[in-house]
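Trainee: I have a structure open and would like to go through it. Can we start with one of the helices?

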Amino acid sequence: MLRAVGGARLVVLVSGSGSNLRALLDACADLAYGARVVAVGADRDGTGGVERAAAVGVPTFALRVPDFPNREDWDKALTATCAEYTPDLVVSAGFLKLVGPAFLADYTGRYVNTHNALLPAFPGMHGPRDALAYGVKLTGATLHFADGGVDSGPIIAQVAVPVLDDDTEESLTERIKVAERRQLVEYVGRMVREGWTVIGRKVTIP
């Protein structure tokens with residue numbers, strides 16, 4: 001189904017310093033971009049991403065898994081809290097928690113995630129490390145719709161990053177981050193301005 005969400009409301013979920021969030025906030029400062037960040041949430045207290053959002057007047061929230069009786073209750077709370085901001089898209093920008101059935105019931109096809117490898121290769125927490133260990137010559141960044149698996153949802157966009165002979169995990173990670181931020185901003189912008197379709201695993205942006 002084509003979703004025309006021009007002027008979209010974005011809820012961004014973070015777990016760390018928020019470099020992807022910063023890129024989105026900078027893009028949204030231009031009205032022509034077609035979206036604005038209406039809230040930033042985290043799975044822990046004191047993240048740089050939440051502090052960055054609060055500094056520019058964006059509402060924030062933090063929902064820690066240990067504060068709930070079980071993961072299901074946390075998932076329901078995350079779903080309800082995001083719903084308070086009526087988002088058109090939810091963006092996982094370095095959010096290190098897998099969401100559950102309640103969240104996916106509301107946001108499947110509207111929950112985008114960044115990953116620092118070329119999926120389906122090297123899913124999980126350590127994309128650059130795993131790429132180096134395997135000896136690939138190209139890795140990169142993937143933007144995809146999150147589903148119930150680990151980095152397994154339909155792919156929206158990918159960008160390649162060469163692996164250099166003298167790369168360390170840190171140097172490769174930093175180059176991927178640059179490409180990842182650029183890709184995130186470009187494709188979220190295109191989606192909110194032009195809409196998109198998801199048919200099976202195929203994502204199309206007009």
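Mentor: Take helix H5, residues 127–134, where Gly 127, Pro 128 and Ala 131 are buried. Buried means under 20% relative accessible area, exposed means over 50%, and partly exposed is in between (1.4 Å probe, protein chains only). These three cover an arc of only 95 degrees around the axis, so they are on the same side of H5. The arc is taken from the directions from the helix axis to the C-beta atoms.

Trainee: What covers the buried residues of H5?

Mentor: The cover includes strand E6 (138–145) and helix H6 (169–194). Helices (H or I, at least four residues) and strands (E, at least two) are DSSP runs, numbered from the N terminus.

Trainee: Where do these coordinates and numbers come from?

Mentor: This is a predicted model: local features need pLDDT of at least 70, side-chain atom pairs count only at pLDDT 80 or more, and totals for chains, interfaces and linings use all residues. Residues are numbered from 1 along each chain as its sequence is written, and side-chain values use heavy atoms, with hydrogens and water left out.

Trainee: OK, new topic. How many disulfides does a search of the whole structure find?

Mentor: Zero. A disulfide is a covalent bond between the sulfur atoms of two cysteines. The search counts a pair of cysteine sulfur atoms within 2.5 Å.

Trainee: Why is there no bond for Cys 28?

Mentor: The closest cysteine sulfur, in Cys 82, is 16 Å from the sulfur of Cys 28, which is too far for a bond. Cys 28 is buried at a relative accessible area of 12%, and Cys 82 is buried at 0%.

Trainee: Which residues touch the most other members of the largest nonpolar core?

Mentor: Leu 10, Val 12, Val 37, Val 40 and Ile 156, out of 35 residues in that core. A nonpolar core is a set of buried Ala, Val, Leu, Ile, Met, Phe, Trp, Tyr and Cys residues joined through side-chain atoms within 4.5 Å. Elements that each supply at least two residues include strand E1 (8–14), helix H1 (19–28) and strand E2 (35–42). A second, separate core has 20 residues, among them Trp 74 and Phe 95.

Trainee: Back to Val 40. Where does Val 40 lie, and what is it in contact with?

Mentor: Val 40 lies in strand E2 and counts as buried, at 0% relative accessibility. Leaving aside neighbours within four places in sequence, its contacts (heavy atoms within 4.5 Å) include Val 12, Leu 21, Ala 53 and Phe 61.

Trainee: Phe 61 has a ring. How many aromatic pairs does the structure hold?

Mentor: Six. Rings of Phe, Tyr and Trp (its six-membered ring) pair if their centres lie within 6.5 Å; planes under 30 degrees apart count as stacked, over 60 as edge-to-face and the rest as tilted. Phe 61 and Tyr 85 have ring centres 6.1 Å apart and planes at 15 degrees, so this pair is stacked. Phe 61 is in strand E3 (residues 60–62) and Tyr 85 in the loop between helix H3 (71–83) and E4, so the pair ties together parts 24 residues apart in sequence.

Trainee: Is Phe 61 buried or exposed?

Mentor: Buried, at 11% relative accessibility. Tyr 85 is buried too, with a relative accessible area of 17%.

Trainee: And which aromatic pair is edge-to-face?

Mentor: Phe 103 and Tyr 111 form one, at 4.9 Å centre to centre with 70 degrees between the planes. Ring pairs link Phe 103, Tyr 107 and Tyr 111 into a cluster.
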